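Work through the exercises below with the model open. Try each task before reading its solution.

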Amino acid sequence: MQLSREQMLGAYRQMKVIREFEERLHVEIQKGEIAGFTHLYSGQEAVAVGVCEQLTDGDYIISTHRGHGHCIAKGCDVKGMMREIYGSAEGLCKGKGGSMHIADVDKGMLGANGIVGAGAPIAVGAAISAKLDGQGRVSVAFSGDGACNQGTTFEAMNLAVVVKAPCIFLFENNHYSEHTGVDYAVATSGDIASRAEAFGMKVWRGNGSDFFAVTEVMREVLEYVRAGNGPAAVELDTERFFGHFEGDPQRYRGPGELDRIRAERDCLEAFRTRVTEAKLLEGADLDQVDAEVMQMIEASVAEARSAPRPTAADVLTDVYISY
Amino acid sequence: MAKMQLREAINLTLHQEMERDPSVIVLGEDIVGGMGTAGGPEAIGGIWKTTAGLYEKFGAGRVIDTPISESAIIGAAAGAALAGKRPVAELMFADFVGVCLDQIWNQMAKFRYMFGGKSRCPAVIRIAYGAGRNAGPQHSQSVYGLMTAIPGLKVVIPSSPAEAKGLLTQAIRDDDPVLFFEPKALYATRGDVPEEEYVIPFGHARLVREGSDVTIVTCGQLVGTAATAADRLAQQGIGCDVIDLRTTSPLDEEAILDSVETTGRLVVLDENPPRCGLAADIAAMVGEKAFAALRAPVSMVTPPHTPVPFAVELERAYLPDAERVEAAVTQLLGYRGSAPR
C-alpha cells in the first residue's frame with residue numbers, strides 16, 4: 001500500500017507525539033508532580049498508530065492500563081490528556097479517571113481500562129452494535145500478552161466468532177505481563193495468535209516495531225473484517241521501553257536489554273531510516289515534526305501544571321444518585 | 001387491563017420497547033433457545049419464557065443468543081451501550097453475578113463518572129433472583145443488596161406483574177445502567193396489567209398497606225409476605241404501613257422516614273443475609289435521620305447468615321415468612337410496654 005506524503009508525515013507525527021508524551025511523563029513523574037500509577041507506552045507506538053491511522057471516528061477501540069498511546073492515536077486531545085494525568089478539573093475526564101481511564105466516546109475511544117482483560121468483551125459489544133448498524137464499522141480490542149491469559153478474553157473471542165461480530169483482537173506482545181515473561185505465562189510457547197486461531201478466527205502476525213508492517217497487516221485485516229467475515233485477531237511483536245509502571249526497578253530485564261531494544265527496535269528510528277533511505281521523506285521533514293511535537297508537549301505540560309484543580313464539590317458531579 | 005403472569009408482563013414489555021425503539025437489543029444464554037439444534041431456534045424462548053417470540057419478530061441481529069459466557073454477555077452489553085444501543089442482557093440467575101462482577105462494578109457502573117460525565121451506559125441487566133424454588137445454594141440468592149452497595153448502578157426489584165412492566169419500561173429508557181431483579185418465585189403470579197405503555201419512575205416507593213402502628217419496609221417477592229402479615233395484624237386491630245421500595249438505588253428515603261415519623265416503629269424485611277445488607281442499611285439510615293421518632297428498636301427480619309439451603313424444610317426455615325413478620329411487629333409493640341398510639 002502506497003502512503004501519501006501527508007499520510008506518512010501524519011503517522012510519524014502521531015508516533016512522535018506518543019513517544020514524547022511518554023518520555024516527558026517519565027521525567028515529570030520522578031519530580032513527584034503526578035499522582036498515582038502510570039504505565040508508559042514508549043516503544044509500542046507503531047502498533048497504536050499503524051492500527052488507528054486506518055480507523056475513523058465511527059470505529060471503536062478499547063484500550064488497556066497502558067493506554068496513552070491508543071488514546072492519542074485514536075484522536076483524543078493530547079493537552080486534555082495531559083491535564084487529566086495531572087488531575088486537573090479540565091482534564092479529558094475532569095480529573096475523575098486519570099492515566100488508566102482516559103476515554104473519549106465521541107472519538108470512538110471507549111476507554112483505557114485498569115482491569116487487565118476487561119476490554120475484550122466490551123469491544124465485542126461495540127462490534128455487535130456496529131454490525132447492527134450495517135455501515136462496515138469495526139471495533140478493536142487492544143490487549144497485551146497479559147490479558148490474553150484472562151478468561152474474559154477467551155469468552156469475548158468465542159462470542160465474537162459465534163455472532164460474527166466485526167471485532168479485531170489486537171494482541172501487543174511486548175514480552176512482559178507486568179513483571180513476568182511471556183514464555184512463562186502464555187502456555188502456548190508464547191504464541192498468542194494460535195489461541196485466537198483455536199477459537200476459529202483468521203489470524204495475522206507481524207512486527208509491531210515496524211509501522212509499515214503494521215499498516216500492511218491492518219490493511220488486510222480491516223478489509224477482511226469490514227467485509228463482514230466476522231472477527232479476526234492480530235499478534236504484533238513489540239517492545240516496552242519502560243517498566244510495567246513508573247517506578248518499576250525492572251530487575252527482570254536481562255543485561256543490556258533496555259539499551260539493546262532501544263537501539264534495535266525503536267519504531268521511530270526504523271521509520272526514519274526507511275523513509276529517508278527510500279527518499280520518501282527528507283530528514284529535515286521529520287526534524288521539523290520533531291521540533292513541533294517537542295514544543296507541543298512542552299506547552300501541554302506547562303498548561304497542565306497551571307490548569308484549574310478540581311474542588312471537593314466536584315466529587316459529587318457526574319453521579320446519578322446521591323446520598 | 002389484562003390478567004397476566006409476571007413473566008408475560010416482562011415479555012410484553014420487551015416486545016413493546018423493541019417495537020418502539022430500534023436501538024433496544026436483547027442478549028443472553030438461551031434467550032432464543034435451541035440454536036444449533038435439530039429443534040431449531042425458539043425451542044424454548046428463554047428458560048423463564050420471558051424472551052419468547054422476540055427472535056421471530058426482531059431477528060438475530062437484535063435478539064442475540066449467546067454462549068454460556070456471563071462476562072462476555074455483560075461486557076458486550078456495556079460496549080453496545082457505550083456505542084449507542086440500549087441492550088437488555090439476561091443473567092439467568094442472580095448468583096451468576098459472581099461470574100461477571102467486574103463488568104458490572106468496575107466497568108458499567110463507573111463509565112459515566114470516570115469518563116468525566118461524557119459517556120452514557122444505558123444497559124439493563126435482567127436478573128432472576130430469590131429463594132423459594134428449592135434451587136439450592138448457587139441458584140437462589142437475592143444479591144440485590146450487594147449490588148445496591150455499588151455506586152453507579154440503579155437497582156430495581158418489582159413485586160408484581162404491573163410493577164414489573166412499568167419499572168422495566170423505565171429501566172430500558174433510562175440512560176444509566178440498571179440491574180433489574182425479577183423475583184423468580186413470582187414468574188407465574190398473575191395480576192392486572194395495563195396493556196398500553198407506562199413507566200414507573202425510579203426512587204418512588206409504593207404504599208401497599210396503610211396503618212399507623214408499625215412501618216414494614218420491603219421489596220420484591222417479600223412484599224406479598226409483608227402484605228399477608230399486615231392483613232392478619234389488621235384483624236387484631238394493628239395497623240401497618242407496608243412500603244414496597246421498588247428501587248433500592250435510588251432509595252426513597254422520604255417515604256420511609258415519613259412513615260416512621262407517624263408509626264415510630266420499623267420492621268425491615270429483606271431477603272439478603274443480615275450483615276452489611278439492605279436491612280442494616282435502612283435501619284442505620286432511620287437511626288440517623290429519625291431517631292427522635294423511634295419508639296422501639298428497629299427490627300430486621302432477614303434470612304440467617306448462611307447460604308440458601310436446598311431441602312424444602314430448610315429453605316422454608318431460611319426465608320422469612322408472614323409469621324416472622326407478625327412476631328417482629330408484635331415484639332415492637334410490646335417494647336417497654338408501649339402500646340399503639
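Three exercises follow, on a chain, an interface and two helices.

This is a predicted model: local features need pLDDT of at least 70, side-chain atom pairs count only at pLDDT 80 or more, and totals for chains, interfaces and linings use all residues. Residues are numbered from 1 along each chain as its sequence is written, with chains lettered from A and ligands numbered from 1 in the order in which they are written.

**Exercise 1. Describe the fold of chain A and its compactness.**

Step 1. Count the elements. Chain A has twelve helices and seven strands (DSSP runs, numbered from the N terminus: H or I of at least four residues for helices, E of at least two for strands).

Step 2. Test compactness. The radius of gyration of chain A is 19 Å, close to the 20 Å from the globule rule for 323 residues, so chain A is as compact as a globular protein of that length. The radius is taken over C-alpha atoms, and the rule is 2.2 Å times the number of residues to the power 0.38.

Step 3. Check burial. Buried residues make up 55% of the 323 residues in chain A. Buried means 20 or more other C-beta atoms within 10 Å of the residue's own, with C-beta atoms placed from the backbone; exposed means 12 or fewer, and partly exposed lies in between.

**Exercise 2. Characterise the side of chain A that touches chain B.**

Step 1. Count contacts. 36 residues of chain A are in contact with 35 residues of chain B (C-beta atoms, placed from the backbone, within 7 Å).

Step 2. Find the elements. Helices H5 (119-133) and H6 (151-162) of chain A each give two or more residues. H5(A) gives the most, with ten residues.

**Exercise 3. Compare expected and actual spans for H6(A) and H4(B).**

Step 1. Take H6(A). At 1.5 Å a residue, its twelve residues should span 16 Å; its end C-alpha atoms are 16 Å apart, which agrees. The expected span is 1.5 Å times one less than the number of residues.

Step 2. Take H4(B), residues 97-108. H4(B) also has twelve residues, but its end C-alpha atoms are only 13 Å apart, short of the 16 Å of a straight helix.

Step 3. Look at burial. In H6(A), ten of twelve residues are buried. In H4(B), the buried residues are Val97(B), Cys100(B), Gln103(B), Ile104(B), Gln107(B) and Met108(B). They cover an arc of only 135° around the axis, which puts them on the same side of H4(B); the arc is that of the directions from the helix axis to the C-beta atoms.

Step 4. Name the cover. For H4(B) it includes H5 of chain A, plus H3 (70-82), E4 (86-91) and H5 (111-114) of chain B.

Definitions and conventions
Contact = placed C-beta atoms within 7 Å. Nonpolar A, V, L, I, M, F, W, Y, C, P; charged D, E, K, R; others polar.
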